[in-house]
Amino acid sequence: MNGLLYIIWDPSETLFHIGHFGIRWYSLFWLIGLTAGYFIVRKLYKEQKLKDEQFEPLFIYCFLGILIGARLGHCLFYEPDVWLSSWQRFIEIFIPIRIHADGSWNFVGYQGLASHGGTLGLMIALWLYCKHTGVRMWHVLDNIAIATPITACCIRLGNLMNSEIVGKITDVPWAFVFVNGDPTIAHQPRHPGQLYEAIAYFCFFFIGWWLYKRGVRKPHPTRKFAPQVGTGFFFGLCLTLIFTFRFFIEYTKEVQVDFESGMMFNMGQLLSVPFILLGIWSMLRGSLTAGGEH
């Protein structure tokens, strides 16, 4: 009976074509997410009276850090045996093409990005940005962390449109049947893990935004703690919420690569643990710093 309620998920991966070049939904959601993050952080910089010349280079640092980190994270964490197997595949890590046996090639885009690698790449890029602009590291990390959940939400919606990172087989009435997914998972009702994450990250954004607004208002005499940007609290909150949720939502997902099948915790869970610990430490540091200000 539940089968009558299953959602048949059969979208085209491509939004439209311009000649032989297609605009994919996944790329569009990446663009929307990065654009949303850009305008949110720009608003935060203006509210905090930071100079325009300090903001201007931030986007390119973030874009390159996320893209390079996410790409390397996928290739080295999940499929090193594939991408390091030949010079042709190694080149394909960095250049979005597929090189064929006869020497020909075609553009395929970056197919395979890992959120853990993207997070690490972003953190390295922000460190370089701070060295270049002189903006305090904790200040930048907190501002980026307030906007990050919206970008993460959009990326997961892109995964949903690609019918990738699917959940395990289930009989819940809201299960998705991923018609365009891998042939081994097509036509089976599964948890829409991508949608679970997108909804969670959307909610995390509003939690962070509400706490930010609470912190910038004039402190009330009975308010013992109002988180402040620049203490590391928002950076820690973002890491803790996203990667704790990521750890537990992995239990609803299919393994992404074969070697995970026999593991107690899959690669996504193992990679989440350091970020959770860093997040908790940053929140504690931020709480003590903000508490001292009152």
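Here are three short exercises on a predicted model.

**Exercise 1. Place His139: find its helix, decide whether it is buried or exposed, and list its contacts from farther along the chain.**

Start with the secondary structure: His139 sits in helix α7, which covers residues 137–161. Next, check the accessibility. Buried means under 20% relative accessible area. His139 comes in at 18%, so it counts as buried. Finally, skip the neighbours within four places in sequence and see what His139 touches: Gln48, Leu50, Val229 and Gly230.

**Exercise 2. Work out how many disulfides the structure holds, then look at Cys62 and Cys75.**

First, recall what you're hunting for: a disulfide is a covalent bond between the sulfur atoms of two cysteines. The count here is zero. Take Cys62 as a worked case: the nearest cysteine sulfur belongs to Cys130 and is 9.8 Å away. The cut-off for a disulfide is 2.5 Å between sulfur atoms, and Cys62 is in none. Now for burial. Cys62 has a relative accessible area of 10%, so it is buried. Cys75 is at 0% relative accessibility, so Cys75 counts as buried too.

**Exercise 3. Lay out the sheet that contains β1, β6 and β7: what is the strand order, and which strands are at the edges?**

Begin with the order: this open sheet of three strands reads β1-β6-β7, and its pairing is mixed. The edge strands are β1 (7–9) and β7 (189–190), each pairing on one side only. Then zoom in on β6, residues 176–178: two bridges join β6 to β7, and the two strands run antiparallel. To see the register, find Val177, which stands opposite Pro189 in β7.

Notes:
Residues numbered from 1 in each chain as written. Predicted model: local features only at pLDDT ≥ 70, side-chain atom pairs only at ≥ 80, totals over all residues. Heavy atoms only, no water. Helix = DSSP H or I, 4+ residues; strand = E, 2+ residues; numbered from the N terminus. Buried < 20%, exposed > 50% of the residue type's maximum accessible area, 1.4 Å probe, protein only. Contact = heavy atoms within 4.5 Å. Pairing = 2+ DSSP bridges.
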